[in-house]
Amino acid sequence: MTESVLLPELIARSAGCTPGARALTSGDESLTYGELDTRVRQFAAGLMALGIQRGERVAIYLDKRFETVAASFGAPAAGAVFVPVNPLLKAEQVAFILQDCNVRVLVTSPERLGLLGGVLADCPDLRHVVTTGVGLPEPASLTLPKAVAHCNWAHFMAHAPCAGHRVIDVDMAAILYTSGSTGRPKGVVLSHRNMVAGAKSVASYLGNHAQDTLLAALPLSFDAGFSQLTTAFHTGARVVLLNYLMPRDVLKALEREQVTGLTAVPPLYIQLAQMDWPAAIDRNLRYFANTGGRMPRETLGLLRQRAPSAKPFLMYGLTEAFRSTYLPPDEVDRRPDSIGKAIPNAEILVLRDDGSPCGPGEVGELVHRGALVGLGYWNDADKTAERYKLLAPDAPGRESGLQLPEYAVFSGDNVRQDDEGFLYFVGRRDEMIKSSGYRVSPTEVEEVLYATGLVGECVAFGVEHPVIGQAIQVIATPPASAVPGPEGAEPVLDVQALLAQCRAHMPAYMVPADVAVMPGPLPRNPNGKIDRKLLSTQWAPRQPQ
């Protein structure tokens, strides 16, 4: 079969070569490549039967299961665009995503449909809901607007496979939502070319092959989580889907399934490194890869003790360009703080503010060019212009005779490069909080706090934390309506009530670790905005050393 060009062809190609090989395992069940390919084509046929048009969006709000994978690859097989929704998100966040990218079809479970309550009424473009299982949800859970039709999975998948809309590799395949430094989450648009090129690149440096078993421990709404599927399917390997509750569940899965490749984020690795590992894990685990933040040296050392036969791959990436750099295992001892060099089929530049290249040791912005550069942020010209910019005509890799411009991703991260070309992360240019592997927008946290009515003014920022990278710190003032304290003291802010509201309206990784109460007003910058940078700087000396 010819080389894969479109995302669903990763599965179809392996199905054509080894239809009986196992592709997916979930619990005690497995699907072969032939079976998975059939389900992908059936899902695409179901969308065509609904009249879904080329480029329309299909949201998938599920945990990791066979239906999630079939829908994720089946939507682009029909010429539609899949939108994976993190299963940790609350109803308000899910509704925003459905509204923002004009979702036409929602795939979810009866239980999750019940959690969405009445928010679907605020999603005017939604026309169809497909729920897993064979029957209808309980009547109490089926709160659908009149314009939205319901179909169960078994009925939806009953159509004979048929051709989808014609698409090419530069067309949209997916929209992955990630928090921005200001405001609501941003939808990163990825093409078929982005995702297939990424799969081939990552699989090449990890050395993936058909005998591999990869553990999908990260959410599939993460680019790195979804990459476990694409890299495995490109090489004909098997993926084990794991919805774990405790870190111990990950170790059990590594042993039980004889996993050869594990990719995770530092907070999970920190927990795993503190545990005793069964000896059987080291007999099979070929590599462990880190993404989503810097791996602490102590943790890396412990992991290498737990699995001495496994090679460590330290990676850096951003959803806007999927994956950017990796540090080869044979360089880890020499430069454990490095994020490595560019992955295959990508070029990483370190540029000054004027677009000229930095010299060795000079700090500049990491800029990614090549086939993995995404298509911008969905329906957001301003934010797209901030990150996706034209390279200077004389930028490295471009010759003066080229007439058409080239867009690259300007990461917003400061890095430096040594004399041998290895890169080192210095810090973020924006105010994003990186907590437990998630990128959290401070203003999104603040919006929820304000919505409670329990604060007057507030500001959120990240503080260093030894386990989760950064913890979310909030400084808030009591609302004007707050009850005065005893004997005429300052009004009181009910911190416990505020945190309870946060837990009710935020995913766990967004809930503040601490709320400090201050009298208002909070300091402003010259533009009249609350000075988050000043407050975070003043807070730093209070942190335990």
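This report describes selected residues and helix packing in a predicted model.

## Helix H9 and its buried face

Helix H9 spans residues 247-256, and its buried residues are Pro247, Val250, Leu251, Ala253 and Leu254. Viewed down the axis of H9, these buried residues fall within an arc of 160 degrees, so they line one face of the helix. An α-helix has 3.6 residues a turn, so residues three or four places apart point the same way.

The buried residues of H9 pack against two strands, S10 (213-216) and S12 (261-264), and against two helices, H10 (266-273) and H11 (279-284). Just after H9 comes Gln258, whose phi is positive, at about 55 degrees.

## The crossing of H7 and H8

Helix H7 (residues 192-206) and helix H8 (residues 223-235) have axes that come within 8 Å of each other and cross at roughly 75 degrees. That angle makes H7 roughly perpendicular to H8, because values from 65 to 115 degrees are counted in that class.

On the H7 side the contact is made by Met195, Ala199, Lys200, Val202 and Ala203, while H8 contributes Phe226, Ser227, Thr230, Thr231, His234 and Thr235. Sorted by character, the residues of this contact between H7 and H8 divide into five nonpolar, five polar and one charged.

## Thr178 at the end of strand S8

Thr178 belongs to strand S8, which covers residues 172-178. With a relative accessibility of 10%, Thr178 counts as buried, because the cut-off for that class is under 20%.

The side chain of Thr178 makes a polar contact of 3.0 Å with the side chain of Arg439. When residues up to four places away in sequence are not counted, Thr178 touches Pro185, Lys186, Val188, Thr319 and Glu320 as well as Arg439.

## Arg335 and Pro336 in the loop between S15 and S16

Arg335 is found in the loop that runs between strand S15 (325-327) and strand S16 (341-342), and at 8% relative accessibility Arg335 counts as buried. The side chain of Arg335 makes a polar contact of 3.1 Å with the side chain of Asp418, and a further side-chain polar contact, at 3.4 Å, links Arg335 to Glu420. Both of these acidic partners appear among the residues in contact with Arg335 once its neighbours within four places in sequence are left aside, a list that also holds Leu327, Phe422 and Tyr424.

Pro336 lies in the loop between S15 and S16 as well. Leaving aside neighbours within four places in sequence, Pro336 is in contact with Arg297 and Leu314. Between Pro336 and Leu116 the separation is 220 residues in sequence and 44 Å in space, taken from C-alpha to C-alpha.

## Asparagines with positive phi

Asn102 has a phi near 55 degrees, which is a positive value in a residue other than glycine. Asn102 lies in the loop between helix H4 (91-100) and strand S5 (103-108), and with a relative accessible area of 28% Asn102 is partly exposed.

Asn379 likewise is not a glycine, yet has a positive phi of about 55 degrees. The loop that holds Asn379 connects strand S18 (364-370) with helix H13 (381-387). The relative accessible area of Asn379 is 65%, so Asn379 counts as exposed.

Conventions: Residues numbered from 1 in each chain as written. Predicted model: local features only at pLDDT ≥ 70, side-chain atom pairs only at ≥ 80, totals over all residues. Heavy atoms only, no water. Helix = DSSP H or I, 4+ residues; strand = E, 2+ residues; numbered from the N terminus. Buried < 20%, exposed > 50% of the residue type's maximum accessible area, 1.4 Å probe, protein only. Polar contact = N/O pair within 3.5 Å; in protein donor to acceptor, adjacent residues only side chain to side chain. Contact = heavy atoms within 4.5 Å. Arc of directions from axis to C-beta. Axes fitted to C-alpha atoms, helices over the stretch in contact; angles between N-to-C directions. Parallel < 35°, antiparallel > 145°, perpendicular 65-115°, else oblique. Nonpolar A, V, L, I, M, F, W, Y, C, P; charged D, E, K, R; others polar.
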